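Student: I am new to this structure and would like a close look at a single part, the parallel sheet, taken slowly and step by step. Please then carry the same way of reading over to the parts that lie beyond.

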Amino acid sequence: MCLNVKYGIWNVCEPEAGAVNALVGSGYSPLAAMVFAARGIRTGREASAYLDCNAPLIAPFQMKDMDLAAGRVGLAMSRGEKIAVFGDYDVDGITATCLLTDYLRRQGANVVSYIPGRLEEGYGLNPIAIRQLSQDGVKLIITVDCGITAVSEAELARELGIDLVITDHHECKEQLPFAAAVVDPHRPDDGYPHRNLSGVGVAFKLAAALSGDQDQVLADYADMVCLGTVADVMPLQGENRVFVSRGLAMLAHTGRPGIAALMAESGCTPENVTASSIGFMLAPRINAAGRMGQIGLAVELFLTQDPRRAEKLAHALCELNRQRQSVESEIYAQAVSMLPQGQLPEAIVLADESWHQGVVGIVASRIAEEFACPAFLICLDGEHGKASSRSHGGFNLFASLSALAPLLVSYGGHELAAGFTINRSSIPEFRRRICQLAAEYYQGEAPTSSLDIDCTVPPELLTIHNIDSLAALEPCGNACPKPVLMMKNLTIERISMVGGGRHMRLRLRRDRHSLGAIYFSATPETVSIQVGDLVDVAFTPQVNEFRGERSVQMNVVDIRPSCAAACSPETAPYRALLRGQLTPQEAGTLLPPRQTLAMVWRYLAGVHSPQLEETPLCLCRKIVRWTGKPMSLGQMLTCLDIFRDVGLLTLQNHRKTISIRLTPGSGKADLNESATMQRLLQAKES
């Protein structure tokens, strides 16, 4: 069995028994109590606070400059000045634009909305738009979900006699734009207690400040605030939890023809709408309008009151999403074909003239995840290129782009996703410098994807009642994820394919318990499992309903070989060895005893394959299971380096896996001649 695990490291929490007992005593089910305790919640009161969806909202005027923003907008309304709400082309920006536009129109304001064309104008406030709005008689521009870095654009607006009110939620640069008001909870001088609002959340706060009745504004627009908050993956804590909870309730009985039509067209049933269905079903279709250069369809969808027109718009958005998926597949295949053979760089930077600017961000995300490194995809147009980038392993994109600002024409974004414009001639130097920054960040170790697991559970806890009790966690999303559980030592009894061969249904057994599981987008070949394998399974529990019958089902997240002894993923001493900075104590823990070297070699020699390719941790777990002896990942990697040094095998490091090929005819060698062994012995004695 050569399992292709998705996640290199499983971080499994161990709930404190006293906290579990206290929570059960407060009325929570044993399974819910274990999940809460694993997340640091110890009492029923703490659990209630964690789950609270009815906390009072914070006054909008606690946000820096909100009084100035509301004052300037109110003045424009009283004067009858023409106002433009200027937004962004993703779900957060679209909902923010539509919310504020609709609210101001209801108050009698002379207002237009403007979202720049992604392909023609790019992200954010830009000179083309400002000049056009000036010609149209606009006297006040209110930005939503953008504008915080628009320093030169703000100066142009001032020169043209247009006042600017900026509302945004992105990271600030050192210099703020000149404006009548700059409202952003990420301002260093802003004391607002809930910094992680979405763009539509900040726009909502401005509408609430203008109204004076925050609860009524939320009652009118909770659906839009919910959509933007979930789509922008904001943490579902504090006010965001209130927004999403009330928004989901509103979506279940939506009075907006456009949203109702989109839910029907995408197969999202109103009575079962969740944050997950927003993220996977509604948001991609709304985003498709901006990605494919037809942003007006999404804006009209939210604002129309005509049900027939809404149906046509919803159908058009779904068709655009299908086109987006096709273009995405083409760009992905092309980008992968451009990657260098052998050892991949610390960061992937690719450029092409034919790529679609609206889609490369999704492809960058796929590549970053698949190859476990930051990815930068640049769409070339003449002497310039516009890039979308996605992070991996905690690499801070915004900070890195700030460090390389002299190479860029412009940039913006945050830690995990960012965009920039660059001259074609600067791309090679950018590639060199960003790879250097990534190498320094990872310090010689390729970033390893990790899976956070709430706790290990026995099969007897997977009852319908216990799983139903986990509904108390809803809405689930960022910072309040769906529970991920682990069960150990399961035997695979049966494998069958469903969904036209795209998904895998499993029957698993432990002792007298037989459990059903579904593994989406996986096959026995891609996961490399077979009947009879002994595995650990990470999963989300769910209750499956079919023909009126309810049954327990495990929704598989990842599978790995079961392991009988301790197998630590620790690699810090090994990384110190590679850097030549090993302490005597680290050398002592890393130096493999002769029996450990023999054990690893016997396992490798017993593999009936000319070449072994594995994720390192998966290989380590299988060796430990085979021998029943504990071993750390760093120690196993050291053993492989020693064998390589003396010619017993060849070793290639890929981004997520290692390839091992035993040297034909080799069986004996003096391991003391290994350079790795010598460095360890010297470091231990120093």
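Tutor: Two strands are said to pair if DSSP finds at least two bridges between them. The model in front of you is a predicted one, and the part you ask about is an open sheet in which five strands follow the order β3-β2-β4-β5-β6, with parallel pairing. At its edges stand β3 (110–114) and β6 (181–183), and because each has a single partner strand, one side of each is left without a neighbour in the sheet. From one strand to the next the twist averages 20°.

Take the edge at β6 for the closest look. Three bridges link this strand in the parallel sense to strand β5, residues 163–167, and there threonine 167 is found opposite valine 183 of β6. Helix α4, made of residues 66–79, packs on the sheet, where it touches β2 (82–86), β4 (138–143), β5 and β6, and its direction makes about 145° with that of β4. If you follow the chain to the loop between β4 and α7 (151–159), you come to aspartate 145, which has a positive phi of about 60° although it is not a glycine. Most residues other than glycine have a negative phi. Aspartate 145 has a relative accessibility of 0%, and it therefore counts as buried.

A second residue with a positive phi offers a useful contrast. Arginine 547, also a residue other than glycine, has a phi near 50°, and its place is the loop between β17 (534–546) and β18 (549–561). Its relative accessibility is 76%, so arginine 547 counts as exposed. A peptide bond can also stand out, and the one that leads from glutamate 474 to proline 475 is cis, with omega near 0°; proline 475 belongs to the loop between α18 (464–469) and β14 (485–498).

The other sheet to consider is an open one of three strands, which come in the order β19-β21-β20 and pair in the antiparallel sense. Its edge strands, each pairing on one side only, are β19 (612–614) and β20 (649–653), while the twist averages 15° from one strand to the next. Between β19 and strand β21, residues 658–662, there are three bridges, and these two strands run antiparallel; glutamate 614 has isoleucine 658 of β21 as its bridge partner. Helix α22 (residues 594–606) lies across β19, β20 and β21, and runs at about 80° to β21. Helix α24 (residues 633–645) also packs on this sheet, touching β20 and β21, with a direction that makes about 130° with that of β20.

The same helix α24 leads on to a packed pair of helices. Its axis and that of helix α20 (residues 572–579) come within 8 Å and cross at roughly 40°, and the crossing is left-handed. On the side of α20 the residues involved are Tyr574, Leu577 and Leu578, which meet Gly634, Leu637, Thr638 and Asp641 in α24. By kind, the residues of this contact of α20 with α24 divide into four nonpolar, two polar and one charged.

Finally, two neighbouring helices show how burial can be read residue by residue. Helix α10 (residues 239–251) has 13 residues, which at 1.5 Å a residue should span 18 Å, and its end C-alpha atoms are 18 Å apart, so the two values agree. Its buried residues are Glu239, Asn240, Arg241, Val242, Phe243, Val244, Gly247, Leu248 and Leu251, and they pack against α3 (44–51), α8 (199–211), α9 (214–231), α11 (257–266) and α12 (275–291). Helix α11 is largely enclosed by the rest of the structure, because seven of its ten residues are buried. Those buried in α11 are Pro257, Gly258, Ile259, Ala261, Leu262, Met263 and Ser266, and their cover includes α9, α10, α12, α13 (295–303) and α14 (307–337). Just after α11 comes glycine 267, with a positive phi of about 80°.

Notes:
Residues are numbered from 1 along each chain as its sequence is written. This is a predicted model: local features need pLDDT of at least 70, side-chain atom pairs count only at pLDDT 80 or more; totals for chains, interfaces and linings use all residues. Side-chain values use heavy atoms; hydrogens and water are left out. Helices (H or I, at least four residues) and strands (E, at least two) are DSSP runs, numbered from the N terminus. Axes are lines fitted to C-alpha atoms, for helices over the stretch in contact, and angles run from 0 to 180 degrees between N-to-C directions. Contact means heavy atoms within 4.5 Å. The expected span of a helix is 1.5 Å times one less than its number of residues. Buried means under 20% relative accessible area, exposed over 50%, partly exposed in between (1.4 Å probe, protein chains only). A crossing is left-handed if the near helix is turned anticlockwise from the far one by less than a right angle, and right-handed if clockwise. Ala, Val, Leu, Ile, Met, Phe, Trp, Tyr, Cys and Pro count as nonpolar, Asp, Glu, Lys and Arg as charged, and the others, Gly among them, as polar.
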